[in-house]
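Let's take a friendly walk through how the helices and domains of this protein pack against each other. Here is the structure to keep open as you read.

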Amino acid sequence: MNNPFQNALSQLARANKVKPFNPEFMSRLHQPNREVHISIPVKMDDGTLKIFEGYRVQYNNARGPYKGGIRYHQDTEINEVKALAFWMALKCAVANIPMGGGKGGITVDPKELTKTELENLSRGWVKLMAPLIGPEVDVPAPDVNTTPEIMGWMVDEYSKITGDKTNATFTGKPISVGGSEGRGPATGLGGFYTFKVMQEKLSLPESCDIVIQGFGNVGGNAAEILANDGHKIIALSDSKGAIIKEDGIDIVALNEYKKVNKRIGGFPGSREITNAELLVLPCDVLIPSALENQITEENANNIQAKLVMELANGPTTPEADDILYSRGIPVIPDILANAGGVTVSTFEWEQNLIGEHWTEADVFAKLKKIMDQETNLIYNRSKELNTDLRRTAFIVALERIEQAIK
Ligand code: NAD
């Protein structure tokens, strides 16, 4: 079983080999600044009391307040949260936004809770974490299975406890409570801007065949945006299964179908395949948008994509990175490709603090500028350093964090 935090540290060591950093700085980055475990009591609808485990890891705040999502998943555990918090610190530095890295989570399958139970659980997380978060300290956001509605409950609970009226302690909120225009599609859209730069650099076809693993906030938005740009989404998956349709999936119709049927299997004109088969389909671009450890040494030799773009966090293990690199398949790393989410979250935080509400066009223009600039910079540095995009993105991020510490 791949431990995501060990993978993250191994990525760090590999970047440090290409460009050695100060050993004291490196040793500081081997552990988070703070790691918090909580147990959250929740009164269930049947009157019983259930205790859930929750976490917040505040990894590094050299560049600004800790920033990172809260994940609700049955497999969430501390090593995953630590890895995600570490990647957030690097990601914010890659995007050059004034934030550090943090991450939170609760070990829970939210599909097994009623709405009231989910609300009580979310408010419970805030009750216990309130002394440790805040607009200048730590600003959580959504992640897997956490929605704008959940962020709305959280910001309400936080303001009840502390009296804070800025709403700037949580991002990814509904617009009505201070959310930003464009936060919903931000991660998928940021990935799209990065893809457009790389499409040109790698001379990929104008219309690419694209395979996407995960059909949630990130994968679903990416699919829609890429389809609108004239690409064919030939296969897609979610936690229940995968489908293929070689002449391209109509994403709007699939969204409607999923709403009604609660699954994507059986979508008219498609065939069902396994998630394992999906990852090794011949295509121009493979976009993992679900969870960690999907491309490993077990399947990396069979990947048939011309480009892998990581919209999920940590989908490729270091061993798989080596295999893909030796096979000439570039991987746009998560800390660059999916930085659009935290970037627009930071815009949301800024708007809350200065009492403004920017238009969607403004938000997208600011996001595009950052993604274009940092993608070009990392691509060009990778040529100078003669290494892969992940090591390069790490090096760029580490330089910026080290500079902030100095
Ligand atoms: P989400 O809960 O909205 O969607 C997750 C999707 O993955 C769902 O469609 C789910 O069915 C699917 N999935 C789960 N297990 C799967 C499996 N084994 N195989 C195939 N599909 C599976 O979550 P999200 O916000 O879209 O996050 C997805 C990934 O993107 C995560 O790695 C997350 O950390 C990362 N990410 C999210 C954001 C954001 O803004 N939401 C930002 C940066 C990175």
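## Helix and domain packing

H12 passes H13 in a right-handed crossing. Bear in mind that the model is predicted. Helix H12 covers residues 339–354 and helix H13 covers residues 360–385, and the two pack at an angle of about 130° with their axes 10 Å apart. Angles from 115 to 145 degrees fall outside the perpendicular and antiparallel ranges, which makes H12 oblique to H13. On the H12 side, the contact is formed by Ala 339, Gly 340, Thr 343, Val 344, Phe 347 and Gln 351, and these meet Val 363, Lys 366, Leu 367, Ile 370 and Met 371 of H13. Sorted by class, the contact of H12 with H13 holds seven nonpolar, three polar and one charged residues.

H13 also packs against helix H6, which spans residues 186–201. Here the axes come within 9 Å and cross at roughly 45°, which makes H6 oblique to H13. H6, too, passes H13 in a right-handed crossing. From H6, the residues that take part are Ala 186, Leu 189, Gly 190, Tyr 193, Thr 194, Val 197, Met 198 and Lys 201. Their partners in H13 are Phe 364, Leu 367, Lys 368, Met 371, Asp 372, Thr 375, Asn 376, Tyr 379 and Asn 380. Nine of the residues in the contact of H6 with H13 are nonpolar, five are polar and three are charged. Leu 367 and Met 371 of H13 meet H6, and both also meet H12.

A further pair to look at is helix H1 (residues 4–18) with helix H10 (residues 318–326), whose axes come within 9 Å and cross at roughly 50°. That angle makes H1 oblique to H10. In this contact, Asn 7, Ser 10, Gln 11 and Arg 14 of H1 meet Pro 318, Asp 321 and Asp 322 of H10. By class there are one nonpolar, three polar and three charged residues.

Here are the three helix pairs side by side.

| Helix pair | Crossing angle | Axis separation |
|---|---|---|
| H12 and H13 | about 130° | 10 Å apart |
| H6 and H13 | roughly 45° | within 9 Å |
| H1 and H10 | roughly 50° | within 9 Å |

Now for the domains. The domain assignment gives domain 1 as 4–12 + 20–168 and domain 2 as 186–337. Their C-alpha centres lie 26 Å apart, and 16 residues of domain 1 are in contact with 13 residues of domain 2. Between them the two domains bury about 1100 Å², with 55% of it on carbon and sulfur atoms. Within domain 1, the residues that lose the most area to domain 2 are Asn 7, Trp 87 and Lys 91, together 38% of what that side buries. Asn 7 is also one of the H1 residues that meet H10.

Definitions and conventions:
Residues numbered from 1 in each chain as written. Predicted model: local features only at pLDDT ≥ 70, side-chain atom pairs only at ≥ 80, totals over all residues. Heavy atoms only, no water. Axes fitted to C-alpha atoms, helices over the stretch in contact; angles between N-to-C directions. Helix = DSSP H or I, 4+ residues; strand = E, 2+ residues; numbered from the N terminus. Parallel < 35°, antiparallel > 145°, perpendicular 65-115°, else oblique. Left-handed = near helix turned anticlockwise from the far one by under 90°. Contact = heavy atoms within 4.5 Å. Nonpolar A, V, L, I, M, F, W, Y, C, P; charged D, E, K, R; others polar. Domains from an automatic or database assignment. Buried area = accessible area lost by both parts, 1.4 Å probe.
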